[in-house]
Structures are given as structure tokens and as C-alpha cells.
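Trainee: I have a protein–DNA model to look over, could you walk me through it?
Mentor: Gladly, let us put it up first.
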Number of protein chains: 2
Amino acid sequence: MRYHKIADETIRRLPIYLRGLLSLSEQNQANISSKDMADILGVNPWQIRKDFSYFGVFGTAGVGYNIKKLIKQIKKILKLDVVHKAALVGAGNLGLAILAYPDFGIYGFDIAAAFDTNPKKIGRKVKNITIEDVSNLSTLKKRKINLAIIAVSWDKAQQTADALVKAGIKGILNFSPCYIRVPKKVKVITIDIATDLARLPYYMPAS
Amino acid sequence: MRYHKIADETIRRLPIYLRGLLSLSEQNQANISSKDMADILGVNPWQIRKDFSYFGVFGTAGVGYNIKKLIKQIKKILKLDVVHKAALVGAGNLGLAILAYPDFGIYGFDIAAAFDTNPKKIGRKVKNITIEDVSNLSTLKKRKINLAIIAVSWDKAQQTADALVKAGIKGILNFSPCYIRVPKKVKVITIDIATDLARLPYYMPAS
DNA sequence: TCTCAATAGAGTTCACATTCACAAAGTATT
DNA sequence: AATACTTTGTGAATGTGAACTCTATTGAGA
């Protein structure tokens with residue numbers, strides 16, 4: 001019996017809506033209709049309305065939705081109304097690219113620490129972050145960091161995750177191409193770039 | 001009335017299965033049961049069997065599935081039984097990380113060209129690939145490249161896609177955080193790292 | 001004030017996906 | 001050969017999400 005639970009697929013779409021809304025807000029637009037928003041984001045208007053109806057946002061017929069109000073509402077649901085500090089583990093090619101990625105900020109994320117095992121990298125400073133030895137992971141709890149990004153090679157992913165869980169991390173974004181075992185209370189989202197690419201040929205017309 | 005079409009969700013899982021199977025194959029294992037495979041990949045055994053049943057792979061009761069046969073079958077369905085040449089557009093942080101990413105090869109992808117607009121980067125050689133000016137995109141058709149990875153900033157993503165479509169590209173893996181308009185015959189898969197991270201706090205227990 | 005166009009929100013139906021349960025088919029053991 | 005065990009394949013039940021329709025509400029303009 002679920003009471004106020006929002007569908008997972010809706011939750012998956014909310015950050016996309018949020019990104020579009022933030023962009024419109026910067027352009028000082030006040031309202032938007034589900035139809036216009038659908039055009040911008042490439043989805044269906046009724047999908048948007050249905051998603052919003054889950055959490056009782058009321059738009060105005062004939063006008064649309066108030067953008068500022070909507071942003072506030074979505075942020076609250078996604079728990080993005082507070083700043084989340086995140087730790088990056090693995091400062092290789094991918095790790096450094098993530099560190100330089102500009103878009104985490106708009107959702108209220110702050111990558112506050114970075115770790116690696118390579119002595120040559122430890123101590124280096126990238127974007128105001130000093131790369132630390134992974135043995136320092138245990139300090140995360142004290143530093144109020146409860147979110148981590150794993151960008152290490154697949155053979156070290158599980159042990160990294162174990163260390164993170166021990167350090168009190170509650171959510172992991174995993175870029176390693178493997179399944180990671182964690183306690184139920186910890187949420188893992190895995191992004192496997194290669195598997196997404198591997199789906200493409202199936203959908204491509206025969207050349 | 002669909003005859004042999006495989007469910008999209010199944011297609012999404014096939015590359016994951018394939019990765020696990022390739023790994024097992026390297027260890028010279030001959031057979032595997034759906035249960036053991038489920039343990040490794042973190043999914044349900046009946047899900048695996050159901051997925052396989054769609055394309056009529058027959059395992060052996062009491063033994064499991066023949067790994068080599070299964071690999072061949074999955075590769076064929078995903079059209080990964082031939083090498084696909086891919087082009088990378090955008091040699092920034094993310095682009096270079098993708099270029100260095102080792103796992104595309106196992107699925108039979110070959111990143112055969114890289115492009116950028118920055119004169120300082122053009123001509124540089126990375127991993128045997130010489131970075132070219134984007135004006136060269138039009139040569140892709142001649143070079144038999146029909147697959148591209150977009151890793152440019154969001155404000156140049158649409159124009160990049162337009163150029164790629166004009167150059168005969170049939171499939172695009174898009175890392176830019178925006179919706180891209182393309183003709184129906186072209187397939188786009190978008191990976192938006194930040195939106196995935198943005199889902200995490202919702203699922204994390206209150207600290 | 002009345003009418004009309006635009007648009008939200010709720011309800012319905014349909015399509016797809018997951019889960020489950022079990023018979024059938026194979027292997028191993030005694 | 002008989003029995004116990006393992007594992008597949010699949011039909012049915014259940015759950016979930018998408019697509020579409022319809023009605024009510026609002027704003028604007030005659």
C-alpha cells in the first residue's frame with residue numbers, strides 16, 4: 001500500500017524537467033505550458049502533466065505552470081533543496097573529467113573531496129580540490145560527506161564501495177562497469193557508458 | 001502484431017549479460033546457470049531466462065547455458081558481430097576520457113576519428129588518433145563511419161548533431177545535457193551524468 | 001458580461017514488463 | 001534402473017507506465 005510514493009520513472013524525469021526549468025528561469029520567463037515544455041525537452045505534454053500531478057503541483061489553466069514555484073517543488077521532492085557534498089574516488093581520466101564537469105552545481109552538488117591511490121597524483125590540486133590518499137576515506141563521516149562517485153577501474157570498484165560504506169556513505173554513483181554489492185540502506189546508481197553504446201547498433205537501420 | 005521483436009528492456013540488459021559472459025569466457029568457463037549469472041550481475045534468475053527465451057536460445061536443463069554459444073547469439077542480435085567504427089566529436093576533458101576508455105573494444109567498437117574546434121588541439125595525437133577539425137566531419141561517409149559520440153558543450157550539441165546527420169551518421173551517443181532533434185531514422189541515446197546524480201538524494205535515507 | 005481559445009487535471013484503456021509457479025527435461029548418485 | 005537433484009522454459013497473474021480522451025477552469029478579447 002503505497003501512499004504518497006512517486007513512480008520511479010517520474011523521479012527519473014524530474015531532474016530533466018528541473019534542468020529545463022532552471023534554464024528558462026535564467027531567461028526570466030515566468031510561466032510555461034506543458035506543451036511548450038514538452039517541445040523543449042522532447043517528451044509528451046500529458047506525460048509532464050501526469051508527472052506533476054503526482055505531487056500536487058497545480059498549474060493554472062490557460063496559463064501554464066509558474067516556473068519558480070515548480071523549481072522549488074521539484075527540488076524539494078528530489079531533496080535537492082540543500083547542498084550535498086560529494087566525494088570522488090579515482091582521479092584518472094574519467095575522474096578528472098567528472099571533477100571538471102560544470103553541471104553538478106546547478107543541482108546543488110559540491111564535489112568536496114577527491115581520492116586516489118597513485119602517489120604521483122596525491123597532493124595535486126585540481127579545481128581547489130587536493131587529491132588525497134584513499135586511506136583518508138574514513139574521514140568522510142566527520143566531514144559530513146555522505147555521497148560518493150566511484151571512477152576507479154572495475155577490479156577495485158567493490159573494495160572502494162566497501163570502504164565508502166564503512167565511511168558512512170549513503171549514496172553512490174558508480175561509473176565502473178560492474179555490479180556492486182552494498183547494504184540495502186545504501187543506494188547505488190551505475191552508469192556504464194559502454195553498455196549504452198552497445199545498444200546503438202541494434203536500433204540503427206542496416207546501412 | 002510483432003513477430004520477432006525483442007522488448008526494449010531486454011535489449012537494454014543484453015549488453016550487461018554480454019559483459020559478464022565475456023568475462024566468464026576468458027576464465028575458460030564453459031557453462032553457466034541462470035542462477036549463478038544472476039548472482040554475478042545482481043539481477044533475478046527468472047528475468048534472465050525470460051530474456052533469453054525471447055530469442056530462442058536453448059539452454060540445457062540441469063546444466064545451464066553454453067557461454068560461447070550465448071555470446072555469439074547476443075552479439076548477433078545486438079549487431080555487434082561486426083566491428084563498428086565510431087567518431088568522437090569534442091576532445092575536451094570528457095572527450096579525452098572517453099577516448100581513453102578501454103571497454104568499447106570488448107563490444108567491437110573502434111573509435112576511428114576524433115574532432116574538435118580548438119586549433120590548439122587539432123593535430124594532436126591521442127592513442128593513435130589525430131584530432132581533426134570539425135569541418136572534416138563531411139568525410140565520415142567515405143570513411144565508413146556511421147556512429148558518433150558527442151562530447152561537446154550543450155550549446156554546440158544541436159549543430160554538431162546536424163553536421164553528423166548530414167555526414168550520414170546513423171547512431172549518436174550524446175553526452176551533452178540536452179535534447180537533440182534528429183530525423184527519425186537516426187537513433188540517439190543520451191547520457192546525462194548530472195541527472196543521474198540528481199536522483200540519488202531522493203533514494204538516500206535521511207541522515 | 002459573454003464567448004472562445006488555451007490548458008490543466010482526472011479518468012480510462014492499452015501495452016509492456018516483472019514476478020511467480022510449475023511441468024518438463026536433463027544430470028548425478030546409488 | 002530408480003531416485004533425487006538441478007535447471008530450463010513458459011503460461012498466468014500481477015504490477016507499472018504510457019497514450020489518449022474528456023471535462024472543467026482560466027484568461028483574454030469582443
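Mentor: What follows goes through the DNA contacts and then the helix packing.

Trainee: What should I keep in mind about the numbers?
Mentor: This is a predicted model, in which local features need pLDDT of at least 70 and side-chain atom pairs count only at pLDDT 80 or more, while totals for chains, interfaces and linings use all residues. Residues are numbered from 1 along each chain as its sequence is written, chains are lettered from A and ligands numbered from 1 in the order in which they are written, and side-chain values use heavy atoms, with hydrogens and water left out.

Trainee: OK, DNA strand C, which residues are closest to it?
Mentor: The closest are A:S34, A:F58, A:G59, A:Y65 and B:R13, out of 27 residues that surround DNA strand C, where near means that a heavy atom of the residue lies within 4 Å. Of the atoms of DNA strand C that come within 4 Å of the protein, 70% are sugar and phosphate.

Trainee: And which polar contacts are there with strand C?
Mentor: Taking a polar contact as a pair of N or O atoms within 3.5 Å, one of them places an N or O atom in the side chain of A:R49 2.9 Å from a base nitrogen of DNA strand C. The side chain of A:Y65 has an N or O atom 2.8 Å from a phosphate oxygen of DNA strand C, and a polar backbone atom of A:G62 lies 3.2 Å from a sugar or linking oxygen of this strand.

Trainee: Which helix gives the largest share of that surface?
Mentor: Helix 3 of chain B does, with 4 residues, helices here being DSSP runs of H or I with at least four residues, numbered from the N terminus. Helix 3 of chain A and helix 1 (8-26) of chain B also supply at least two residues each.

Trainee: How does the surface near strand C divide by class?
Mentor: Into 9 nonpolar, 10 polar and 8 charged residues, with Ala, Val, Leu, Ile, Met, Phe, Trp, Tyr, Cys and Pro counted as nonpolar, Asp, Glu, Lys and Arg as charged, and the others, Gly among them, as polar.

Trainee: Switching to DNA strand D, which residues come nearest?
Mentor: Of the 25 residues around DNA strand D, the nearest are A:A61, B:S34, B:F58, B:G59 and B:Y65. A side-chain N or O atom of B:S34 is 2.5 Å from a phosphate oxygen of DNA strand D, whereas B:K50 has a side-chain N or O atom 3.2 Å from a base oxygen of DNA strand D.

Trainee: What about sugar or phosphate versus bases for strand D?
Mentor: Sugar or phosphate holds 65% of the atoms of DNA strand D within 4 Å of the protein, and the rest belong to bases.

Trainee: Now the packing, at what angle do helix 2 and helix 3 of chain A cross?
Mentor: The axes of helix 2 (residues 34-41) and helix 3 (residues 45-54) of chain A cross at roughly 115° and come within 8 Å, the axes being lines fitted to C-alpha atoms over the stretch in contact, with angles from 0 to 180 degrees between N-to-C directions. Helix 2 of chain A is therefore roughly perpendicular to helix 3 of chain A, a label for angles of 65 to 115 degrees.

Trainee: Which residues make that contact?
Mentor: A:S34, A:K35, A:M37 and A:A38 of helix 2 of chain A meet A:P45, A:I48, A:R49 and A:F52 of helix 3 of chain A, with contact meaning heavy atoms within 4.5 Å.

Definitions and conventions
Parallel < 35°, antiparallel > 145°, perpendicular 65-115°, else oblique. Polar contact = N/O pair within 3.5 Å; in protein donor to acceptor, adjacent residues only side chain to side chain.
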